[in-house]
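Reader: I have this model open on my screen and would like to go through it with you, a piece at a time. Could you keep the answers plain?

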Amino acid sequence: MCQNNNSSIETPKKRVLSCIQPSGMLTLGNYLGALKNFAAMGKDPEFECIYAVADLHAITVRQDPKEFRARILSTYALLLSIGLDPQKAIIFIQSHVPEHTQLSWVLSCYTQFGEMSRMTQFKDKSKKRPENVNVGLFSYPDLMAADILLYNPDYVPVGEDQKQHVEITRDIAARFNGIYGDVFKMPEAYIPKVGARVMSLQDPQKKMSKSDENPNAYIGILDKPEEIMRKMKRAVTDSQSTVEVGEGRYGINNLIGIYGTITGKTADEVKKEFEGRGYGDFKAAVGEAVAEELRPIRENYERFISDKGELERLYRAGDEMAEHLARRTLRKVMKKVGFIGF
Ligand code: TYM
């Protein structure tokens with residue numbers, strides 16, 4: 001985890017890279033854990049940002065082709081809707097830049113089966129759906145490592161659940177550099193202090209996830225204010241009544257985390273604000289804060305998604321800029337390993 005305070009004019013811009021899967025409705029978890037940082041870093045002149053829709057990652061789960069097409073485009077539109085300017089950030093679609101899969105293969109030959117077997121996300125996901133434990137699900141971190149290392153970023157903004165994947169990326173990069181010299185830059189995970197792990201509203205010991213069967217468990221980024229208020233009202237809390245962080249108070253801790261991340265208030269400030277007031281008041285305040293935060297995103301989204309031609313023009317431009325950078329790194333890698341003609 002890192003915090004960047006360097007604002008000297010002479011320092012070259014720090015590069016930021018991250019991706020998001022187009023699998024299902026993106027949630028408040030994706031927003032607070034990652035997208036909010038994508039937007040903040042995208043607006044900060046200190047950073048140069050590269051973001052992608054990780055569509056290749058999404059096929060570790062069977063996708064209906066028609067729905068998948070729509071979701072790739074809507075995820076791209078969402079990246080624009082959080083306030084990213086495609087003139088300043090490179091925003092592209094992963095499958096349009098074939099260097100990602102090419103580098104992924106090379107990296108897989110520098111990754112040990114044993115270290116990959118330790119990935120907790122693989123273990124969790126293969127337990128959850130034993131009927132389709134495909135090799136792609138297992139080798140997924142190599143594709144993610146390729147996404148990152150192709151662009152030599154300084155920072156990778158992600159939620160807590162992706163930290164292990166950034167760590168294995170660093171291990172693979174260090175191993176490769178150890179053999180061939182300094183080919184890859186060491187990326188650092190950039191994880192928010194709060195909001196890094198937003199929990200389910202119905203089972204707050206579980207991560208908030210877009211793949212949850214119960215739609216009351218998560219807030220979609222595009223949910224309408226009424227829906228947000230309704231889901232918040234139903235959020236599981238506990239039998240106590242004080243709005244304060246406590247051991248084992250998973251539901252309340254989660255709501256305080258959400259409210260604090262959006263309003264910028266500390267847990268102590270939240271406690272003071274709701275002293276002597278019940279959970280009803282608190283949940284309504286969290287609901288309102290979330291609805292207000294997401295309102296401009298939903299409005300921007302309506303605008304972007306209604307112009308498919310413009311979306312295509314934007315992603316084509318983003319793809320081209322990304323490929324230009326990716327090709328350079330891939331060439332270097334291929335030459336180092338000894339392939340000819342690069
Ligand atoms: P994905 O698509 O599952 O999630 C996108 C981002 O949202 C964060 N996130 C959360 N943060 C807080 N609380 C939650 N409940 C929550 N749920 C999701 C994730 O940590 C992530 O940052 N493998 C990645 C996508 C990826 C990627 C990359 C990321 C592909 N290539 C290269 C960074 C760099 C994934 O599946 O995230």
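Reader: To start with, which side chain does Asp281 meet in a salt bridge?

Author: This is a predicted model, and in it the side chain of Asp281 meets that of Arg277 in a salt bridge, with 3.1 Å from N to O.

Reader: Are those two buried or partly exposed?

Author: Asp281 has a relative accessibility of 41%, which counts as partly exposed, and Arg277, at 36%, is also counted as partly exposed.

Reader: How many salt bridges turn up in the whole structure?

Author: A search of the whole structure finds 17 of them. One that links distant parts of the chain joins Glu99 and Arg327, whose closest N and O atoms are 3.8 Å apart. Glu99 belongs to helix α4, residues 99–108, while Arg327 belongs to helix α13, residues 308–337, and 228 residues separate the pair.

Reader: And which of the labels, buried or partly exposed, goes with each partner there?

Author: Glu99 counts as buried, since its relative accessibility is 5% and the cut-off for buried is under 20%. Arg327, in contrast, is partly exposed, with a relative accessible area of 37%.

Reader: What about Glu323, which residue does that one form a salt bridge with?

Author: Glu323 forms a salt bridge with Arg327, and here the closest N and O atoms are 3.8 Å apart. Both residues sit in helix α13, and because they are four residues apart there, about one helical turn separates them. Glu323 itself is buried, with a relative accessible area of 18%. Through shared partners, the salt bridges join Glu99, Glu323 and Arg327 into one network.

Reader: Staying with helix α4 for a moment, what does Ser104 touch?

Author: Ser104, which has its place in helix α4, touches Asp142, Leu143 and Ala146, if residues up to four places away in sequence are not counted. At 13% relative accessibility, Ser104 counts as buried.

Reader: Changing topic to the ligand, how many residues surround it, and which are the closest?

Author: There are 27 residues surrounding the ligand, and the closest are Gln21, Tyr140, Asp147, Asp161 and Val198. By type, the shell divides into 13 nonpolar, nine polar and five charged residues.

Reader: Where do polar atoms of the protein come up against the ligand?

Author: A backbone N or O atom of Gly29 lies 3.1 Å from a nitrogen atom of the ligand, and a polar backbone atom of Gly159 is 2.9 Å from a ligand oxygen. The side chain of Asp161 also takes part, with an N or O atom 2.4 Å from an oxygen atom of the ligand.

Reader: How much of the ligand does the protein cover?

Author: On its own the ligand has 710 Å² of accessible area, and the protein covers 98% of that. The elements that contribute two or more residues to the surrounding shell are β1 (14–20), α1 (28–43) and α7 (135–149).

Reader: One last thing, where does Met119 lie, and what is it in contact with?

Author: Met119 lies in the loop between α5 (113–117) and α6 (120–128). Leaving aside neighbours within four places in sequence, Met119 is in contact with Pro141, Gln164, His165 and Ile168.

Reader: How far apart are Met119 and Gln164, in sequence and in space?

Author: They are 45 residues apart in sequence, and their C-alpha atoms are 7.1 Å apart in space. Met119 also counts as buried, at 5% relative accessibility.

Technical notes: Residues numbered from 1 in each chain as written. Predicted model: local features only at pLDDT ≥ 70, side-chain atom pairs only at ≥ 80, totals over all residues. Heavy atoms only, no water. Near = heavy atom within 4 Å. Polar contact = N/O pair within 3.5 Å; in protein donor to acceptor, adjacent residues only side chain to side chain. Areas by Shrake-Rupley, 256 points an atom, 1.4 Å probe, with all protein chains shown as cover. Nonpolar A, V, L, I, M, F, W, Y, C, P; charged D, E, K, R; others polar. Salt bridge = Lys/Arg side-chain N within 4 Å of Asp/Glu carboxyl O. Buried < 20%, exposed > 50% of the residue type's maximum accessible area, 1.4 Å probe, protein only. Contact = heavy atoms within 4.5 Å.
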